[in-house]
Amino acid sequence: MSRDKSPRHSAAEQQSSDATEAQIAVHWPEEAYIPPPAPFIAHANLADPDVFERFSLDRFPECFKEFADVLDWYKYWETTFDASNPPFWRWFVGGRINACYNCVDRHLAAYRNKTAIHFVPESEDEAVQHVTYQELYVRVNEFAALLRDTFGLKAGDRVTLHLPMVAELPITMLACARLGVIHSQVFSGFSGVACADRILDSESRLLITMDAYWRGGKLIDHKEKADIAYTEAAGRGHTIENVLVWQRYPSRYSSPTALVEGRDVIVNDLLKTFRGKRVDPVQMPAEAPLFLMYTSGTTGRPKGCQHSTGGFLAYVAWTSKYIQDIHPEDVYWCMADIGWITGHSYIVYGPLALGASSVVYEGVPTWPDAGRPWRIAENLGVNIFHTSPTAIRALRRSGPDEPAKYNLRFKHMTTVGEPIEPEVWKWYLESVGKNKAVIVDTWWQTETGGFLCSTVPALHRMKPGSTGPGIPGIHPVIYDDNGNELERGCGKAGNICIRNPWPGAFQTIWKAPERYVKTYYARYCKDTKSKDWRDWPYMTGDGAVEAADGYFRILGRIDDVINVAGHRLGTKEIESAALLVPDVAEAAVVPVADEIKGKVPELYVSLKPGIEPAAEIAKRVSDQVVARIGAIARPHQVVIVPDMPKTRSGKIMRRVLAAISSHQDPGDVSTLANPEIVDTIKELNK
Ligand code: WT7
């Protein structure tokens, strides 16, 4: 891929009269290229165009050796890639490694006194904590000793973390990694019940939480959720041994929720008996799971994506170095939450594997005003900034002129999680990047461990609204619904898949290997008996178009998943929550466009016979969704309808509801079993 190649014709021009439904979604014209700034290219980690040759498909799989070489191994692997049991690929087989050692110990010689984690409390009155690599080493060791010696944790055990954005979260993850214990961090905004689902599925021995944390100016009682999680999980057959509670303010308990004697343990008290303790990192097989990360799918049950130690760490370290362009002297801030994959890969493991300084911010980006992120960046000297379109839209709306007030000096900025509108992209470059930064729009997923598509920042020109080509080593392909490959660069929409395996990919869905094969490989597998990886493209579940220049534009999910503020929510999860309200007979959720969050769920419910519609019922439904899943799933609106639009076979036509919600024409509804309902629903949702 050369950066001088011009697009022959735009995708917009290519749209012909036989446009499919997916193509209609392509409403952005192709944007003009913007070259990366020369000073960036001069200092970039990757400015050699040979990289594309080195990672061409005929160099697979040995090319990925270069990824693993970013790390320190106890024992070098024998087999780079083992395809003997497709699609359960194995990477760096025979190798032994420890993720914590690579993120902490190995940096001590050169960077002992360097900040590893800048913890920024939400309140501006509270001092920032700068945790050096030495301090991180001490704290991780002491906590690992506590987990091993008091609770008997050992390699392969699972532990659920329900921690907010505080330094103790990466410390806990790294302590687990040091022991080979598999951590499963649940986003702190998720409810206690959602936490229980993940405890049950992973059969975790412990729950590690915090008493309280700050969000939007309030000290939130978080321990309360641990009690709900414990009780719910116990009621459904799995009892956690202990609940470990970190204190937000050491030596003070900040939650109004009582501790349960014998079960709950204040970590900060117990840690006092582990002062000065050191734990040898456990030399784990490269293939050992490092963590589970749950994500939404088409059915109600979240999927526990199982990520490996060697392959995952190699993948995030390499991409952090060459796509994020992190140098050891950089101050890097990824404003995601560690409770999502972005935070695991690109706040904790990737940057720390490189010895960078990584910022962890506790609170809301726009708290107390839209200047907050820029003050943090200015005060810490952040020069690499990474966030989502949702955050950029919110900051732009509430303070378009704010960035101008600060001396921001970003050399590199990332957008991730959802498609970004070119207009928002341009504000990001001009106002936040002061026209001096390079921007990468990285497209990937919980399952993929790290980036799939992105421009290589010093080698490709940027194109607002497009993610870019596959990164080195990733070879995307677009299929139509019948499994035919679309011609490269044809500008037509289809289902984007990846031709080849890569080390960062998840290994399986925890305890559901059949679901793993079915969801990601069954549809486009060319021969289920084949041991050749070429027959097993990975299906991402996204629609996309490839323009003539090889840049991809992502159109969104093709499955029953709604992307809210860059996070996936399964329609089934939301609908099942609504059905917990006894008055509700049926529920259907659809995505509606939102200026800030991209998409938000809107919920339609019909009631059981004899129950009169009432605002109070709608409120109960909304509250139930929040209690079951978390505030992120709160419906924009709950519309009570007399009946759902249905096919003759009784299937709810969500597509018709989605059109009504977006005030668009639902098209021909004459084939419905109850076409008259469409006008009634339109009236109810004006
Ligand atoms: C889905 C994955 C990537 C980690 C955070 C979300 C959408 C992600 C982009 C992008 C357009 C994007 C896709 C993908 N998505 N990045 N740069 N442009 N869409 O992880 O919760 O697993 O969601 O987010 O639809 O499938 P996730």
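**Loops, rings, cysteines and a ligand**

Q: Between which two elements does the loop holding proline 368 lie?
A: The model is a predicted one. In it, the peptide bond from tryptophan 367 to proline 368 is cis, with omega near -5°. Proline 368 itself sits in a loop, and the two flanking elements are β17 (357–361) and α15 (372–380).

Q: Which residue does a cis peptide bond join to phenylalanine 60?
A: Most peptide bonds are trans. The one here departs from that, with omega at about 0°. The partner is found in the loop between α4 and α5. It is proline 61.

Q: How far apart in sequence are the parts that phenylalanine 60 and tryptophan 533 tie together?
A: The two rings form a tilted aromatic pair, 4.4 Å centre to centre with 50° between the planes. Phenylalanine 60 lies in the loop between α4 (51–54) and α5 (65–68). Tryptophan 533 lies in the loop between α18 (513–520) and β24 (538–546). The pair therefore links parts whose separation in sequence is 473 residues.

Q: Is phenylalanine 60 buried or exposed?
A: The cut-off for buried is under 20% relative accessible area. Tryptophan 533, its ring partner, has 9% and counts as buried. Phenylalanine 60 has 10%, so it too counts as buried.

Q: How many aromatic pairs does the whole structure hold?
A: One of them joins tryptophan 91 and phenylalanine 92, tilted at 55° with centres 5.8 Å apart. Both of these residues are buried. A search of the whole structure gives a total of 45.

Q: Over the ring of which residue does the charged end of arginine 252 sit?
A: There is another arginine placed over a ring: arginine 461 lies over the face of tyrosine 33, at 3.9 Å from the ring centre. For arginine 252, the distance to the ring centre is 4.6 Å. The ring belongs to tyrosine 249.

Q: Why is cysteine 497 in no bond with cysteine 525?
A: A disulfide is a covalent bond between the sulfur atoms of two cysteines. The cut-off is a sulfur pair within 2.5 Å. Cysteine 497 is buried, at 0% relative accessible area. Its sulfur is too far from the closest cysteine sulfur, in cysteine 525, because the gap is 11 Å.

Q: How many disulfides does a search of the whole structure find?
A: Cysteine 63 is in none. The nearest cysteine sulfur, in cysteine 453, is 16 Å away. Cysteine 63 counts as buried, at 9% relative accessibility. The search of the whole structure returns 0.

Q: Which helix supplies at least two residues of the shell around the ligand?
A: Around the ligand there are 18 residues, and Asp441, Thr442, Thr446, Asp542 and Arg557 come nearest. Two strands, β20 (438–442) and β25 (552–557), each supply at least two residues of the shell. The helix that does so is α14 (341–353).

Q: What distance separates a polar side-chain atom of threonine 446 from an oxygen atom of the ligand?
A: Backbone atoms also approach the ligand. A polar one of glycine 417 is 3.1 Å from a ligand nitrogen. A backbone N or O atom of glutamate 418 lies 3.4 Å from a ligand nitrogen. For the side chain of threonine 446 and the ligand oxygen, the distance is 2.6 Å.

Q: How much of the ligand's accessible area does the protein cover?
A: On its own, the ligand has 550 Å² of accessible area. The share covered by the protein is 97%.

Q: What is the phi of serine 251?
A: Most residues other than glycine have a negative phi. Serine 251 lies in the loop between β11 (242–246) and β12 (264–266), and at 64% relative accessibility it counts as exposed. Its phi is positive, near 70°.

Q: What is the phi of lysine 511?
A: Lysine 511 is found in the loop between β23 (508–509) and α18. It is not a glycine, yet its phi is positive. The value is about 60°.

Q: Which residue's backbone nitrogen does the side chain of asparagine 674 reach?
A: Asparagine 674 is found in the loop between α21 (654–661) and α22 (677–684), and it is buried at 8% relative accessible area. Its side chain makes a 3.3 Å polar contact with the side chain of aspartate 643. At 3.0 Å, it also reaches the backbone nitrogen of lysine 646.

Note on methods: Residues are numbered from 1 along each chain as its sequence is written. This is a predicted model: local features need pLDDT of at least 70, side-chain atom pairs count only at pLDDT 80 or more; totals for chains, interfaces and linings use all residues. Side-chain values use heavy atoms; hydrogens and water are left out. Buried means under 20% relative accessible area, exposed over 50%, partly exposed in between (1.4 Å probe, protein chains only). Rings of Phe, Tyr and Trp (its six-membered ring) pair if their centres lie within 6.5 Å; planes under 30 degrees apart count as stacked, over 60 as edge-to-face and the rest as tilted. Helices (H or I, at least four residues) and strands (E, at least two) are DSSP runs, numbered from the N terminus. A charge sits over a ring if NZ of Lys or CZ of Arg is within 6 Å of the ring centre and within 35 degrees of the ring normal. A residue is near a molecule or strand if one of its heavy atoms lies within 4 Å of it. A polar contact is a pair of N or O atoms within 3.5 Å; within protein, one must be able to donate a hydrogen and the other to accept it, and residues adjacent in sequence count only if both atoms are side-chain atoms. Accessible areas come from the Shrake-Rupley method with a 1.4 Å probe; for residues, only the protein chains shown count as cover.
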